[in-house]
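Please open the structure in your viewer and keep the selection tool at hand. We will begin with the whole chain and then go from one selection to the next.

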Amino acid sequence: MQITHDEQKTLAPFQWLKKPEVDGPPAQRDPKVVERVSQMLKEIESKGLDAVRAYGQELDGWSGDLEIGATELKKSGDALPADVRTALEMGYERTNRFASAQREHLTDFEIELAPGVAGGQRYVPVSRVGAYLPAGRFPLLASAFMTVGVAKAAGVPTVVACTPPSGEHGAHPAVLYGAYLSKADRVFAVGGVQALGAMAFGLLGEAPVDMLVGAGNAFVTEAKRQLFGQVGIDLLAGPSEVAVLADDTADPAWVAADLLGQAEHGPNSPAALITTSEKLGRAVVAEMDRQLETLATRDIAGPAWRDFGSVIVVRDRDQAVAVSDILGPEHLEIQTEDDDFYLQNLTNYGSVFLGPWSTVAYSDKGIAGTNHVLPTGKTSRYNAGLSVSRFLKPLTYQRAVKEGTASLAPAVERISAFEGLAAHGATATIRIDRIGRTSGAFDAVPEALREQL
């Protein structure tokens, strides 16, 4: 989430109060990771489930059953504190409600393009989805809501999930309960590259999936990249990012807290403040130092802020929009006196959070309903976050009857002749000849084309 030299010249003048220490964006593709993942996927594809089990033993220390049984999945919530269970149930309900509303607004349609000629579109879900549910140092308990649950809201018939094995339950009980709430068809205690390979190659007693979704570490992301083409994917996510766009009405303590709330995802997670107020910018820098002193995860958030944090002071709100759109942050908070101006003018972000009472964590935990699987590394310029629409194929169809031939065939015949594609033209000619070129069916054809009949 950095601004290049050319972009700085375009946007000048603006002032850096704090520049990132590391030159360039965080590395998302380590050659050693690429090589290791390639070797693992080749072995998994050739040796099948034996390789999956061997990697499970080597990397996760797991030699137990791979599948989490339906009964155990249903009982997973019993191992959780009651308040955590209630919060997860709330998160699933809201995420599902938002996803269901998204689906309702994607409607099939048919339109008459000319007399006797119609075109239409149907939204058809993919058949099989494989979801990866991370559960490392900080298990992301809402992941199942965002992947399994949203796929189900889209109407996907079969969704299988994999999560790293751990403990007596075979996997983290809260992650399992999220999968249960989200109506996963089957859940497996398989982690990392071997999980994605197993789902993509159909090694878990299921046919190969059509699509892989879900966040993960560098190895998981690289596996998705290498498997793309054989299967579809949601997106290639890098380190988590946050930007706050604020003016002098914002509370510096709140801004700092929200920046740190995402910086603790990892030591290479960028956090940026874009502000029209130098006073606010300096106050936020001071607040970051103060809050880091007592933050339990300062060993992670501190390096992220030091190496990848930035504060940019801009001259006005138009330049604030320009800077933000260049950064294209995964998460963007707006804390200004005119939030609607920014909502209407910003175009590049994964998801936006409006007003001081809205914070990224509300979405991260599934409580705000919107999806937290979002584009990073400036890819919001052309990509959006995971949603119901990603699991749906907008399939088009055409319907023409005899009466529609006059508005189609002559133009196709002429274009095909100009291109030199005789067989294309013949498909139109054979239909024109069936009607009869001297019939009145072609009276409405433009004169320049009628001369060709």
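How many helices and strands does the protein chain have? If you colour this predicted model by secondary structure, you can follow 18 helices and 15 strands along the protein chain. Turn the view along the principal axes, and you will find that the C-alpha atoms fill a box of roughly 90 × 60 × 40 Å. Of the 453 residues in the protein chain, 50% are buried, and the chain exposes about 21,600 Å², of which carbon and sulfur atoms supply 53%. When the contacts with a separation of 6 or more are considered, 72% of them join residues that are 24 or more positions apart.

**Stop one: helix H1**

Select Asp6 and Lys9, whose side chains form a salt bridge with the closest N and O atoms 3.8 Å apart. Why are these two residues separated by about one helical turn? Both belong to helix H1, residues 5-11, and they are three residues apart there, so about one turn of the helix lies between them. Asp6 counts as exposed, at 51% relative accessibility, and Lys9 is exposed as well, with a relative accessible area of 55%.

**Stop two: a salt-bridge network**

The structure holds 19 salt bridges, and some of them can be seen together if you select Glu67, Arg128, Arg186 and Glu206, which are linked in a network. Within this group, look at Glu206 and Arg186, where the closest N and O atoms of the salt bridge are 3.0 Å apart. Glu206 lies in the loop between helix H8 (192-201) and strand E8 (211-213), whereas Arg186 is in strand E7 (residues 186-189), so the pair ties together parts that are 20 residues apart in sequence. Glu206 is partly exposed, with a relative accessible area of 22%.

Now add Thr158, which is found in strand E6, residues 158-163. Is Thr158 buried or exposed? Thr158 counts as buried, because its relative accessibility is 17% and the cut-off for buried is under 20%. Leaving aside residues up to four places away in sequence, Thr158 touches Ser127, Arg128, Val129, Lys152, Asp185 and Glu206.

**Stop three: aromatic rings**

A search of the whole structure finds five aromatic pairs. One of them is formed by Phe14 and Trp16, which meet edge-to-face, with 5.5 Å from centre to centre and 70° between the planes. Phe14 counts as buried, at 16% relative accessibility.

Rings can also be viewed together with charged side chains. Select Lys18 and Trp305 to see Lys18 over the face of the Trp305 ring, at 5.0 Å from the ring centre. Then select Arg317 and Phe341, where Arg317 lies over the face of the ring at 3.7 Å from the ring centre.

**Stop four: Arg306 and Asp307**

Move to Arg306 and Asp307, whose side chains meet in a salt bridge with 2.9 Å from N to O. Arg306 counts as partly exposed, at 47% relative accessibility, while Asp307 counts as buried, at 16%.

**Last stop: a nonpolar patch**

Finally, show the surface and select Phe109, Ile111 and Leu113, which make a nonpolar surface patch of about 310 Å². Ile111 is found in strand E3, residues 109-114, and is partly exposed, with a relative accessible area of 44%.

Conventions:
Residues numbered from 1 in each chain as written. Predicted model: local features only at pLDDT ≥ 70, side-chain atom pairs only at ≥ 80, totals over all residues. Heavy atoms only, no water. Patch = residues over 30% accessible without salt bridge, like charges linked within 9 Å, V, L, I, M, F, W, Y side chains within 5 Å. Areas by Shrake-Rupley, 256 points an atom, 1.4 Å probe, with all protein chains shown as cover. Salt bridge = Lys/Arg side-chain N within 4 Å of Asp/Glu carboxyl O. Helix = DSSP H or I, 4+ residues; strand = E, 2+ residues; numbered from the N terminus. Buried < 20%, exposed > 50% of the residue type's maximum accessible area, 1.4 Å probe, protein only. Contact = heavy atoms within 4.5 Å. Phe/Tyr/Trp six-rings, centres within 6.5 Å; stacked < 30°, edge-to-face > 60°. Lys NZ or Arg CZ within 6 Å of the ring centre and 35° of its normal.
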